[in-house]
Amino acid sequence: MHDTTDADDCVDQLRSALAAHGITLPSLGVDLPTFAARCPARPLIALGNCNVTTARALVAALRKGAV
């Protein structure tokens, strides 16, 4: 079984980075079924669903960061 600490830390960092751009993904979290597998390579981070407004804000933040 994997330790969730690293994945949880990653989720917290991603949540903070998104919040710095005014973006909230309510379903953001560790993908728990990943830990149910016998030999998962790595835990997955579930980004979840978001509305069009949030998706556009995410696109704008990513484009701004790519410049």
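Let's start with one residue: Thr54 is found in helix H2, which covers residues 52-66. Keep in mind that you're looking at a predicted model. From Thr54 we'll work our way through its neighbours, then the core, then the whole chain.

**Thr54 and its surroundings**

- Is Thr54 buried or exposed? Thr54 counts as buried, because its relative accessibility is 16% and the cut-off for buried is under 20%.
- Leaving aside residues up to four places away in sequence, Thr54 touches Ile23, Thr24 and Leu25.

**Leu25, a partner of Thr54**

- Leu25 isn't in a helix or a strand; you'll find Leu25 in the loop between H1 and strand S1 (29-30).
- Leu25 has a relative accessibility of 9%, so this residue counts as buried too.
- Which residues does Leu25 touch, not counting those up to four places away in sequence? They are Leu18, Leu47, Cys50 and Thr54.
- Now look the other way along the chain: Leu25 and Arg38 are 13 residues apart in sequence, and their C-alpha atoms are separated by 29 Å.

**The nonpolar core**

- The largest nonpolar core has nine residues, namely Ala7, Val11, Leu18, Ile23, Leu25, Leu28, Val30, Phe35 and Ala61.
- Helix H1 (residues 5-19) gives the most to this core, with three residues.
- Ala61 is one of the core residues, and Ala61 touches His21 and Ile23 if you skip residues up to four places away in sequence.
- Ile23 is worth finding on screen, since this core member is touched by Thr54 and also by Ala61.

**The overall layout**

- The protein chain has two helices and two strands.
- Reading from the N terminus, those elements come in the order α-β-β-α.
- Take the contacts between residues at least 6 apart in sequence: 42% of them join residues at least 24 apart.

**Shape and surface**

- How does the radius of gyration of the protein chain, 14 Å, sit beside that of a compact globule of 67 residues? The globule would have a value near 11 Å.
- The C-alpha trace spans about 40 × 20 × 15 Å along its principal axes.
- Buried residues make up 19% of the 67 residues in the protein chain.
- The accessible surface of the protein chain comes to about 5200 Å², and 57% of that belongs to carbon and sulfur atoms.

**Charges**

- You can count 6 positive and 6 negative side chains in the protein chain.
- The centres of these two sets lie 15 Å apart.

Note on methods:
Residues numbered from 1 in each chain as written. Predicted model: local features only at pLDDT ≥ 70, side-chain atom pairs only at ≥ 80, totals over all residues. Heavy atoms only, no water. Helix = DSSP H or I, 4+ residues; strand = E, 2+ residues; numbered from the N terminus. Rg over C-alpha atoms; globule rule 2.2 N^0.38 Å. Buried < 20%, exposed > 50% of the residue type's maximum accessible area, 1.4 Å probe, protein only. Contact = heavy atoms within 4.5 Å. Areas by Shrake-Rupley, 256 points an atom, 1.4 Å probe, with all protein chains shown as cover. Lys, Arg positive; Asp, Glu negative; His and termini not counted. Charge placed at Lys NZ, Arg CZ, Asp CG, Glu CD. Core = buried A, V, L, I, M, F, W, Y, C linked by side-chain atoms within 4.5 Å.
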